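Trainee: I've got the model open and a few things I'd like to talk through. Can we go over it together?

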Amino acid sequence: MPPATRTPRRVVLAVTAGVLLVIAAVAASGIGNPLHDFSPYQGRAAVTVVCAVLGLSIIAALLLHPSPARPRRLGWMAAVVSALCALATMFIWVAVGTGHSLDKAPGKRVTTAAQTKALLDAHGYGERTPVRTGVMIETLEFTGANNVRVTGFLWQHLPAGEDVTRPNVEFPDAIDGGVGDEFYRDKTPEGQVIGWRLKVSMREAFDYTHYPLDNQAVWLVMWPRDAGTVLVPDFSAYPPWNEDEKFGVYPGLVGGDWNTQFSTWSLTEGQERTNYGRPTHSIDGQDAELTFSMGVGRQYLSPLLNRLVPLIVIALLVFGSLFVITTDSDRRSLSGFTTWAVIGFCGSMMLVVSVQHSSLRSETASGGVVYAEYFYFILYLVIGLVALNAIEHTANKRVPVVDWRGNAAARLLYWPVVTVLLLIATVFGLLL
């Protein structure tokens with residue numbers, strides 16, 4: 001190609017790279033702290049990552065001048081693209097895995113007694129007797145895909161002189177346990193405060209779409225037992241409420257594979273559409289519910305490595321098989337290459353991947369596709385392409401591009417294809 005036509009093309013590519021990097025910088029400037037509440041900025045993060053990877057890849061191409069006449073530079077270009085996609089994917093992992101969103105807490109959040117009273121009055125609960133209720137959660141354990149058990153303490157401010165044997169509270173989501181033995185009973189200027197031990201197992205709907213980078217909200221829904229009362233948070237028992245300070249959660253909470261991210265009180269209305277035969281309750285079931293919610297984030301490094309390391313080993317083995325595939329008869333005799341040998345190897349790798357994929361589905365019990373499944377979908381595709389590559393080398397009709405330099409094209413494209421697909425899956429699976 002004449003220099004007169006080559007230079008404008010390089011200028012266009014350089015301008016395109018600059019524009020993409022400027023867009024990435026502008027989008028990144030509005031993200032704020034990606035390690036905190038990341039969910040409002042996921043669209044910006046997607047634009048930042050995609051534009052940055054494309055822009056830097058174009059710059060790398062301008063610097064390396066890759067071409068079929070320079071296979072070594074093609075190799076460097078493939079390495080740069082693979083590294084950029086891998087780094088962008090890991091950035092998204094860290095941002096999504098460490099971020100959290102208060103929007104997962106159900107109902108309307110309240111942080112002061114005045115705010116609670118105003119909300120109750122606005123919904124017609126102002127005439128009911130408020131019962132101040134507080135909790136302190138000390139342990140949390142996920143016992144299944146949709147079951148969680150919490151232990152700690154619950155207390156209520158009640159009128160003096162009443163012979164209280166049980167708290168004015170019920171947990172509609174509980175499948176086992178509840179309020180246990182009375183722990184203390186103290187007099188107060190308004191009456192008395194009674195504390196009970198709490199040990200309850202609940203069944204709740206958790207969203208595992210982002211597994212193993214998922215964040216969940218564990219909520220403790222509370223109904224009043226006594227008619228004419230409404231449960232309200234006992235904000236007087238805590239410092240001025242700050243959702244990020246995780247009040248109501250023991251600082252040394254034993255949460256297993258989960259870290260506490262926030263805690264909040266909220267008021268919701270039930271949707272049962274029955275009054276359970278109680279004339280004082282609404283027939284629509286829209287009675288006030290007090291909810292204490294905890295945001296928890298999975299310690300994602302361990303499950304991520306548990307899933308990725310075996311798959312990376314399989315990907316390396318499949319990549320190694322590309323060096324066995326050849327049309328050279330002498331090399332075939334040395335490597336033992338046959339089409340059926342490669343297909344058999346790919347089939348065995350498919351079986352290993354499918355077994356791990358099945359265990360993932362059993363672990364999450366999700367009705368949809370979770371993020372980690374994309375790892376397996378990518379390997380299914382790549383293993384299938386390698387098998388087709390082996391078939392092409394023994395077919396009657398050959399493809400010159402595939403046979404170029406003894407299967408060099410497949411080796412050069414392998415890791416860029418894997419990492420680009422992983423980045424695409426990550427952007428669409430976690431950000432969009």
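Trainee: Is Cys85 buried or exposed?
Mentor: Bear in mind that this is a predicted model. Cys85 comes out at 2% relative accessibility. Anything under 20% falls in the lowest class, so Cys85 counts as buried.

Trainee: How far is the sulfur of Cys85 from the closest cysteine sulfur?
Mentor: A disulfide needs the two sulfur atoms within 2.5 Å. For Cys85 the closest cysteine sulfur sits in Cys51, and the gap is too far for a bond. That distance is 14 Å.

Trainee: And how many disulfides are there by this rule?
Mentor: We've just seen that Cys85 has no partner in bonding range, with Cys51 too far off. Cys346 is another buried cysteine, with a relative accessible area of 3%. With the 2.5 Å cut-off, the disulfide count comes to zero.

Trainee: On to the rings. What kind of aromatic pair do Phe153 and Phe183 form?
Mentor: You describe two aromatic rings by the distance of the centres and the angle of the planes. Here the centres of Phe153 and Phe183 are 5.0 Å apart, with 45° between the planes. Stacked needs under 30 degrees and edge-to-face over 60, so this pair is tilted.

Trainee: How many residues apart in sequence are the parts that this pair ties together?
Mentor: Phe153 belongs to strand S3, residues 147-158, while Phe183 belongs to strand S4, residues 174-188. Phe153 is buried at 17% relative accessible area, whereas Phe183 is partly exposed at 43%. Because the two rings sit in those two strands, their pairing links parts of the chain separated by 30 residues.

Trainee: What about Phe319 and Phe323: which kind of pair is that?
Mentor: Their ring centres are 5.3 Å apart and the planes meet at 90°. Phe319 is buried at 18%, and Phe323 is partly exposed at 41%. An angle over 60 degrees settles the class, so call this pair edge-to-face.

Trainee: How many aromatic pairs are there by this rule?
Mentor: The pairs we've covered, Phe153 with Phe183 and Phe319 with Phe323, are just examples. There's also one aromatic cluster made of Trp93, Tyr371, Tyr374, Phe375 and Phe377. The count of aromatic pairs comes to 18.

Trainee: Last one: which residues does Thr143 touch, leaving out those up to four places away in sequence?
Mentor: Thr143 lies in the loop between strands S2 and S3, and at 41% it counts as partly exposed. Its C-alpha atom is 9.7 Å from that of Met202, 59 residues away along the chain. Contact means heavy atoms within 4.5 Å, and by that test Thr143 touches Val148 and Arg149.

Methods: Residues numbered from 1 in each chain as written. Predicted model: local features only at pLDDT ≥ 70, side-chain atom pairs only at ≥ 80, totals over all residues. Heavy atoms only, no water. Phe/Tyr/Trp six-rings, centres within 6.5 Å; stacked < 30°, edge-to-face > 60°. Helix = DSSP H or I, 4+ residues; strand = E, 2+ residues; numbered from the N terminus. Buried < 20%, exposed > 50% of the residue type's maximum accessible area, 1.4 Å probe, protein only.
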